[in-house]
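Subject: Structure handover, with notes on one strand and one interface

Dear colleague,

I am passing on the structure we spoke about, so that you can look at it alongside my notes. Please open it first and then read on.

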Amino acid sequence: MTDTLLEIDHLSVDYETGRGDLKALRDITFNVNKGEIVGIVGESGCGKSTLISSILRLTAPNTRFREGEVRFKGQDLLKASERQMRDLRGADISIVFQDPMQTHNPVLTIGQQMLDIQHRSKQSKVDKLTHAAKMLGAVGIPDPEARLKQYPHEFSGGMRQRIAIAMALMSEPDLLIADEPTTALDATLEVQIIERLQELQREFHCAILFISHHLGVIAELCDRVVVMYAGAVVESGDVREIFHNPKHPYTRRLIECDPGHIKERARVLPTIPGEVPDLANLPGGCIFRDRCDQAMTRCATEVPPLDQLKEGHHAACWLNHEEVTS
Amino acid sequence: MSLLNVVDLNTSYGPVNVLAGVSFTVEPGETYALVGESGSGKTTVIRAIAGLAPAQDGSVTFEGQEIRGAPESVMRPLRKDMAMMFQDPVGSLSPRLTIRSLITEPYRIQGMKDRDLDAEAKRLLEMVNLSTHFADRYPYQLSGGQARRVGVARALALEPKLILADEPTAGLDVSVQGELLNLLNDLRERLGLAMVIITHNLSVVRHVADRMGIMYLGRLVEEGSTETIFNDPRHPYTRCLLSANPEPDPDARLERIALKGEPPSLLKRPSGCEFRERCPFAKDICTQTPQWEVDGDHGLRCLAPLS
């Protein structure tokens, strides 16, 4: 039995809207083990943000948890009290957001903000500042003691994102959620952040749930990958399985579309024609059917289950279901 | 004659010397990519070409006509032939105008009263593969990819000879990114467009650009055909940028060249080679200032080039 830290178990989440219920997440199931880096890949509208906010229970007022559980160390977070959630957030589960320019309070020094987030600690202010400086050093900010006295605008984007990571790791959380932490950064800084995350993960042994639409980053950083499309998990598995042996047509097409994959200059780049279906008015059958070039009759009527193809590799596609049953 | 000829372009904002002598040319029908980290001056270059940013020194000639610092009365008619695609697709569209007004605004600005604007709107939307229903919508009703395509439609409205595109695929999903690049490639072939494209996605550059220039601290440090730069990069900075491109393959163990730290402040430009302090290949000679040297079509500013 592996050490499971986070279990998303058949989670379905709706948003109540004027047009009816928008089925933002449908039957999401996957685990994050202790000390593991799990990547979530998916394009706009796939439900990545809803998933994160559901785990942290920081959802919009019109959110309805229809079904399923989010278990963290065995406890169902959807049933936890607000008090319990407050104790978890920032202590056991912390998050790094996408936009480093808007994460920090512009009118407080970095030192003050790093003091504030240690509000649970009984240490003296001096000790807390020492700890803050040590964490800034750990994410590669030179001259950390002096830098604590500076304001966010005195740091570059890459530095601010590293400060956000330092803050998220201060309480030594068991789970770090990183929501597209490199999207707003240059490729050179992106690489620096990825390498820093890998180092820190080895040092602090926290699990990381890494959300990105950048396949290159996912391939480089993650142990396992969950591929989401339009509010559903379409495939999940070991990073090598997903990239070398993708079983769901969406995963396959997504990898083909990445221009980093195509070494020769192409006149016409591959695309996935069509659009994500309207989640308030779900079509029956497989959610990817309309854009899939291998769709069959069955795909129009029945939702394919997330089949286990082999140990740790799951895909929700009728093509593979045949393989499994035959 | 080159379509666009930029010579020794200089821009300063007070003491901040953003562009320190940028020179390049773009031939008719050619796509030229400008690549570099944030703050290297890419956006300032194309804004200065379009007359939207100041340039205190140097020269910009478009079809032989000097346009650096030209007054609006000179620039406005030229903008028929030189269109800009801005970085933020939604932010560049006025929230109060319909898509129809937005994409036909260029005709009104240029005083082309004889045009049937409804017909033009239809033609432009079809050209960028958007349904004609979009004509009556407002920008907030569009996805990022659709807003991009509206930006393309507007830039193409007057059939320009040159498009200045600032990060045209930033923020787009990979499945949509290909669509936009295919569209640009296709239009380029059909209309003979030339483009200056800014991007920090090197995978994109490989597929769209004929030639490329690599910028660092407001200067070109290397320039050449896309093939030459990808296959035979001579400047250590170029080599670092190319190696910092994460590949969608978990087993691709790249020979990654770590680039140390971040670009220095423009207020404190380093002496000698300005890349020296971050350069993994710096030598003693790099305390001297490198000059721009050209070998065939391959330009380089480095005293210790890689082979």
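The notes below deal with strand β8 of chain A and then with the contact between chains A and B.

Please keep in mind throughout that this is a predicted model.

I began with strand β8 of chain A, which covers residues 207-212; six of its six residues are buried, so the strand is largely enclosed by the rest of the structure. The burial applies to both faces, since Ala207(A), Leu209(A) and Ile211(A) lie on one side, Ile208(A), Phe210(A) and Ser212(A) lie on the other, and all of them are buried. In general, the side chains of a regular strand alternate between the two faces of the sheet.

As for its partners, β8(A) pairs in the parallel sense with strand β3 of chain A (residues 37-41) over five bridges, and within that pairing Gly39(A) stands opposite Phe210(A). Strand β7 of chain A (residues 175-179) is likewise parallel to β8(A), again over five bridges, with Ile177(A) having Leu209(A) as its bridge partner. Together with helix α7 of chain A (residues 187-204), β7(A) and β8(A) form a right-handed β-α-β unit.

Turning to the interface, the contact draws 33 residues from chain A and 29 residues from chain B. On the side of chain A that touches chain B, the elements giving two or more residues are α6 (157-169), α7, α8 (215-221), α9 (239-244) and α10 (249-257), and α8(A) gives the most, with five residues. By class, that side of chain A has 16 nonpolar, 10 polar and seven charged residues.

With best wishes

Terms used
Residues are numbered from 1 along each chain as its sequence is written. Chains are lettered from A and ligands numbered from 1 in the order in which they are written. This is a predicted model: local features need pLDDT of at least 70, side-chain atom pairs count only at pLDDT 80 or more; totals for chains, interfaces and linings use all residues. A residue is buried if 20 or more other C-beta atoms lie within 10 Å of its own, exposed if 12 or fewer, and partly exposed in between; C-beta atoms are placed from the backbone. Helices (H or I, at least four residues) and strands (E, at least two) are DSSP runs, numbered from the N terminus. Two strands pair if DSSP finds at least two bridges between them. A crossover is right-handed if, with the strands pointing away from the viewer, the path from the first strand over the helix to the second runs clockwise. Two residues are in contact if their C-beta atoms, placed from the backbone, lie within 7 Å. Ala, Val, Leu, Ile, Met, Phe, Trp, Tyr, Cys and Pro count as nonpolar, Asp, Glu, Lys and Arg as charged, and the others, Gly among them, as polar.
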